[in-house]
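The exercises below are meant to be worked with the sequence and the model open side by side. Please try each task before reading the solution that follows it.

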Amino acid sequence: MRGAAPGSGTHPRSGAYPPPGTHRHPGTDTRSGTHPHPDAPPHPHPDTRPHPETRPHPHPHPDTGARSGADTRSGTRARSGARTRRRVHARPPVRRARPPLVLALIFAGAVAATATCWPDLTSISGVTGALAWAGRLTGLLAGYACAVLLGLMARVPALDRGVGTDRLARWHATGGRHTIVLSVAHMLFAVAAHVARSGTGVPDAVAGLLLDGPAMLEAAVALLLLIGVAVVSVREVRRRMRYETWHYLHFVTYVAVFLGFGHQLTGPDFTGSAVMSVFWYALYVSVVALLVWHRFLIPVHRALRHGLRVAEVRRESSSVVSVYLTGEHLDELGAEPGQFFRWRFLAPGMWWTANPYSLSAPASSRFLRITVKGVGDHSRALAGLRPGTRVWAEGPYGALTAARRRRPQVLLVGGGVGISPLRALFETLPGEVTLVYMARRDEELILRHELDAIAAVRGATVHYTVDELTGSSGKRNVPLTGRALRTLIPGLAVHDVYLCGPAGMTVAARQALRRAGVPGRRIHVESFDF
């Protein structure tokens, strides 16, 4: 889910920018979208030409008002556009790893990690030998799985943009369960083999292994830590926890992997094979390098390079605020519409956590904006941010971008504040675009003035649907059924569909779209339930 904030049992991401004419402010010329007074509130213009990456994007400017594509320093659009095109062409190409290729590499790595184990399968004799061999295999796979788990969460841009953050999170969760099973199986097989070999009881075998086995005590502590992380990751447990608590408990995984690494190298596959030892060291050193580079060094460099800070906080509804951020050289971030950043606000009580919220309009060289619903401690605190607050942003992340599009007709389906990343796509996607915006109540349809303005400029269609109808709302309820969606959107089956909203709504919408004839490969969803 996007737009709801951490602390409610889901981990959403949201962000937005307002176009001109969306609100009428004193001192604003709604016909031109400019602010004649330098202190007037910002109003970016929804420029919706077909190639958004080759033109300057609209962004709020707290000092000079709206920037509708013209360069206010030179007074000409053409020169600004030329500079933007030069910057875009100089930017390295965006690399996106394909999910099937990533999975193939993971499985190939598993084969390589266990290569020294398989030739001995034919020479096994007796129960003791079979148990020892099974323990050896599961140990190798568990050690390899630990490296894969860390690599999936290293926030490598090619993985994040190609596979998608939500899919990586699902792979990470599935891999975590497999790692626990393999680790426990390794322990059981090792104990059983020791019992069969020594003829002692299970308690004596366990005590003997812990006291005399190679790095066994560290391995036992690592296994207990991994099991603890698995327990707090159970859906029923994590729903009772604050997101920040759950997030930081996961750092125990690093400790567990570190403790278990020494035990892995004491196995017969490493003591008798220099090639296997080199492979294992290369695997873990590469993963550690990716983690340090992408999760620590790059964020620090970008914080110093871009100097992000809060420019303004504007309330969109009783529970939703937009946070405007300014900085230097922000176009170098390479953020695409539909993506998100992990934001760390250096304010009291907020500096220690980085939460994900999406952008909802193209980034410019000077401004970004997020729009967040306050449902958790962190998201509610955003309303109290003061202008000038320093911000660290990690990203951009996410694969809900124009790169997924395959058809000229596109349908965007948003629910609640999950409209935020779709608003960016609604402004920038070329071709025939239709937006369906769903909410429980009329007042929850945030940013609708911006959406209407964008629709008017590009000749697109917006359908608003609310559950609670009032006499003055003018909105209708559209049930999430295949028949209702086919009636609302002619030719729905040939559309690409981008879907973002609360978890229940996205599940229902996906099912309805499939019944309406939309293939699953053309339903693009990116959600994150922590």
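**Exercise 1.** Does His 263 count as buried or exposed, and at what relative accessibility?

*Solution.* Bear in mind from the start that this is a predicted model. Begin by locating the residue: His 263 lies in helix H10, which covers residues 252-264. Next, take its relative accessibility, which is 16%, and set it against the cut-off, under which a residue below 20% relative accessible area is buried. His 263 therefore counts as buried. Finally, look for its surroundings: leaving aside residues up to four places away in sequence, His 263 touches His 186, Pro 214, Ala 215, Met 216 and Ala 219.

**Exercise 2.** Determine in which order the strands E1, E2 and E5 are arranged in their sheet, and describe how they are paired.

*Solution.* The three strands make up an open sheet in the order E1-E2-E5, with antiparallel pairing. Strand E1 (309-315) and strand E5 (367-373) are the edge strands, since each of them pairs on one side only. From one strand to the next, the twist averages 20 degrees.

Now take the pairings one at a time. E1 and E2 run antiparallel and are joined by six bridges, and a hairpin of four residues connects E1 to E2. Within this pairing, Glu 312 has Tyr 324 of E2 as its bridge partner, while Val 310 has Leu 325 of E2. On the other side, seven bridges join E2 to E5, again antiparallel, and one of the partnerships is that of Thr 326 with Phe 367 in E5.

**Exercise 3.** Work out why E2 is largely enclosed by the rest of the structure.

*Solution.* First sort the side chains by direction: Val 320, Ser 322, Tyr 324 and Thr 326 point one way from E2, whereas Val 321, Val 323 and Leu 325 point the other way. Then check the burial of both groups, and every one of these residues turns out to be buried. Because seven of the seven residues of E2 are buried, the strand is largely enclosed by the rest of the structure.

**Exercise 4.** Describe how helix H2 (residues 99-113) and helix H3 (residues 126-152) cross, and state within what distance their axes come.

*Solution.* The axes of H2 and H3 come within 9 Å and cross at roughly 150 degrees. Since an angle over 145 degrees counts as roughly antiparallel, H2 is roughly antiparallel to H3. The crossing of H2 past H3 is right-handed. To see what fills the contact, note that Leu 105, Ile 106, Gly 109, Ala 110 and Ala 113 of H2 meet Leu 140, Leu 141, Tyr 144, Val 148 and Leu 152 of H3. These residues divide into nine nonpolar, one polar and no charged.

**Exercise 5.** Examine the backbone at His 329, at Leu 447 and at the bond from Gly 395 to Pro 396, and state what is notable in each case.

*Solution.* Start from the general expectation that most residues other than glycine have a negative phi and that most peptide bonds are trans. His 329, in the loop between strand E2 (320-326) and strand E3 (340-345), has a positive phi near 55 degrees, and His 329 is partly exposed at a relative accessible area of 34%. Leu 447, in the loop between strand E8 (432-439) and helix H15 (448-458), has a positive phi of about 60 degrees, but Leu 447 is buried, at 7%. Lastly, the peptide bond from Gly 395 to Pro 396 is cis, with omega near 10 degrees, and Pro 396 belongs to strand E6 (residues 391-397).

Methods: Residues are numbered from 1 along each chain as its sequence is written. This is a predicted model: local features need pLDDT of at least 70, side-chain atom pairs count only at pLDDT 80 or more; totals for chains, interfaces and linings use all residues. Side-chain values use heavy atoms; hydrogens and water are left out. Helices (H or I, at least four residues) and strands (E, at least two) are DSSP runs, numbered from the N terminus. Buried means under 20% relative accessible area, exposed over 50%, partly exposed in between (1.4 Å probe, protein chains only). Contact means heavy atoms within 4.5 Å. Two strands pair if DSSP finds at least two bridges between them. Axes are lines fitted to C-alpha atoms, for helices over the stretch in contact, and angles run from 0 to 180 degrees between N-to-C directions. Angles under 35 degrees count as roughly parallel, over 145 as roughly antiparallel, 65 to 115 as roughly perpendicular and the rest as oblique. A crossing is left-handed if the near helix is turned anticlockwise from the far one by less than a right angle, and right-handed if clockwise. Ala, Val, Leu, Ile, Met, Phe, Trp, Tyr, Cys and Pro count as nonpolar, Asp, Glu, Lys and Arg as charged, and the others, Gly among them, as polar.
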